[in-house]
Amino acid sequence: MPELPEVEALKDFLADHLVGREVVRVLPVAISVLKTYDPPVTAFEGREVTAVRRHGKFLDIEADGLHFVTHLARAGWLHWRDTLPDGPPRPGKGPLALRVALETGEGFDLTEAGTQKRLAVYVVRDPAEIPGVARLGPDPLAADFDEGRFARLLAGERRQLKGALRDQSLIAGVGNAYSDEILHAARMSPFKLAASLTPEETTRLYEALRSTLTEAVERSHGLAAGRLKAEKKSGLRVHGRTGEPCPVCGDTIREVSFSDSSLQYCPTCQTGGKPLADRRLSRLLK
């Protein structure tokens with residue numbers, strides 16, 4: 001799933017390629033991708049793009065006061081086309097969900113792999129009309145997101161750190177992959193209770209959060225949309241690397257599986273050398 005760093009890079013890429021240009025066609029291929037109908041998606045046509053923004057994991061393309069907002073979900077992606085194919089796209093069993101065409105002949109496709117169709121597109125007058133945007137917590141890279149604000153968010157939070165970091169209403173933009181990376185950098189168990197953090201641990205987690213995301217954004221800056229997935233994967237130190245040596249201590253990276261996801265961690269760096277039990281089999285170790 002694209003998370004804050006990749007969506008931030010997509011935002012910058014699209015700002016360079018869209019602002020000042022006119023949208024001439026918005027062509028839905030999979031009707032299920034459209035989550036709003038008033039105004040219709042065709043209302044975006046004939047408008048000049050004025051800005052591209054990010055709200056958590058949502059991309060927001062503004063054109064003359066109307067907003068085309070998309071959430072790429074788990075298996076969605078954006079593909080830039082310097083030259084779009086001739087003729088309208090044909091509905092079918094392929095991954096193409098929607099196409100946006102510019103007056104220049106350029107444009108982009110939104111695609112989604114797999115059978116679970118969660119890619120979402122909204123056309124609204126105000127992004128706050130979208131429930132997922134309206135409930136977002138603060139952006140962790142915002143200038144006013146200081147350690148004090150972070151500590152207040154975690155105070156009294158009875159959930160484990162892994163779940164708290166992924167909660168978009170608590171902190172916007174962090175998902176499964178970067179929560180693993182942040183906790184590894186902070187040397188903390190994913191199952192430690194957020195409310196149990198000492199002041200020193202809160203500082204350590206805050207610094208890991210900011211540095212991990214900032215470094216990922218810097219690595220992705222300036223990359224074309226098609227290269228962002230590979231850059232994300234190459235920059236991850238523990239997520240998706242089960243069985244590989246930890247780049248810090250050399251211990252074997254381990255995994256805990258859930259019904260629809262998994263997490264990765266280093267026992268030596270994060271859990272005092274103790275492997276975490278699989279949630280499906282026994283109670284999680286703290």
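His17 sits at 22% relative accessibility, so it counts as partly exposed; the cut-off for buried is under 20%. Keep in mind that this is a predicted model. His17 belongs to helix H1, which covers residues 4-18. Setting aside neighbours within four places in sequence, His17 is in contact with Trp80 and Leu102. Val49 is 32 residues away from His17 in sequence, yet their C-alpha atoms are 9.8 Å apart in space.

Now for the rest of that helix. H1 is largely enclosed by the rest of the structure, because 11 of its 15 residues are buried. The buried ones are Leu4, Pro5, Glu6, Val7, Glu8, Ala9, Leu10, Lys11, Phe13, Leu14 and Leu18, so you'll find Glu and Lys in that list as well as Leu and Val. Its length checks out too: 15 residues at 1.5 Å a residue should span 21 Å, and the end C-alpha atoms are 20 Å apart, which agrees. After H1 comes Gly20, which has a positive phi, near 90 degrees.

What does H1 pack into? The largest nonpolar core has 35 residues, and the members touching the most others are Leu14, Ile61, Phe68, Leu98, Phe108 and Leu110. H1 gives the most to this core, with 6 residues. There is also a second, separate core of 26 residues, with Phe150, Ala164, Tyr178 and Tyr206 among them.

Phe68 is a good place to look inside the larger core. Beyond four places in sequence, Phe68 is in contact with Val26, Phe44, Leu59, Asp60, Ile61, Leu98, Val100, Phe108, Leu110, Val121, Tyr122 and Val123.

Next, a charged residue on the inside. Asp109 lies in strand E7, residues 107-112, and counts as buried because its relative accessibility is 3%. Which side chains make polar contacts with the side chain of Asp109? Two arginines turn up:

| Side chain | Partner side chain | Distance |
|---|---|---|
| Asp109 | Arg81 | 3.2 Å |
| Asp109 | Arg99 | 2.6 Å |

Not counting residues up to four places away in sequence, Asp109 touches Trp77, Leu78, His79, Arg81, Leu84, Leu96, Leu98 and Arg99. One of these, Leu98, is also among the residues touching the most other members of the largest core.

Finally, a word on confidence. The chain averages a pLDDT of 93, and 97% of the residues score at least 70. Residues 281-286 are another matter: pLDDT stays under 50 there, and the model has 14 contacts beyond four places in sequence for this stretch. Where pLDDT is low, the predicted coordinates shouldn't be read in detail.

Key: Residues are numbered from 1 along each chain as its sequence is written. This is a predicted model: local features need pLDDT of at least 70, side-chain atom pairs count only at pLDDT 80 or more; totals for chains, interfaces and linings use all residues. Side-chain values use heavy atoms; hydrogens and water are left out. Helices (H or I, at least four residues) and strands (E, at least two) are DSSP runs, numbered from the N terminus. Buried means under 20% relative accessible area, exposed over 50%, partly exposed in between (1.4 Å probe, protein chains only). Contact means heavy atoms within 4.5 Å. A nonpolar core is a set of buried Ala, Val, Leu, Ile, Met, Phe, Trp, Tyr and Cys residues joined through side-chain atoms within 4.5 Å. A polar contact is a pair of N or O atoms within 3.5 Å; within protein, one must be able to donate a hydrogen and the other to accept it, and residues adjacent in sequence count only if both atoms are side-chain atoms. pLDDT is the predictor's confidence in each residue, from 0 to 100. The expected span of a helix is 1.5 Å times one less than its number of residues.
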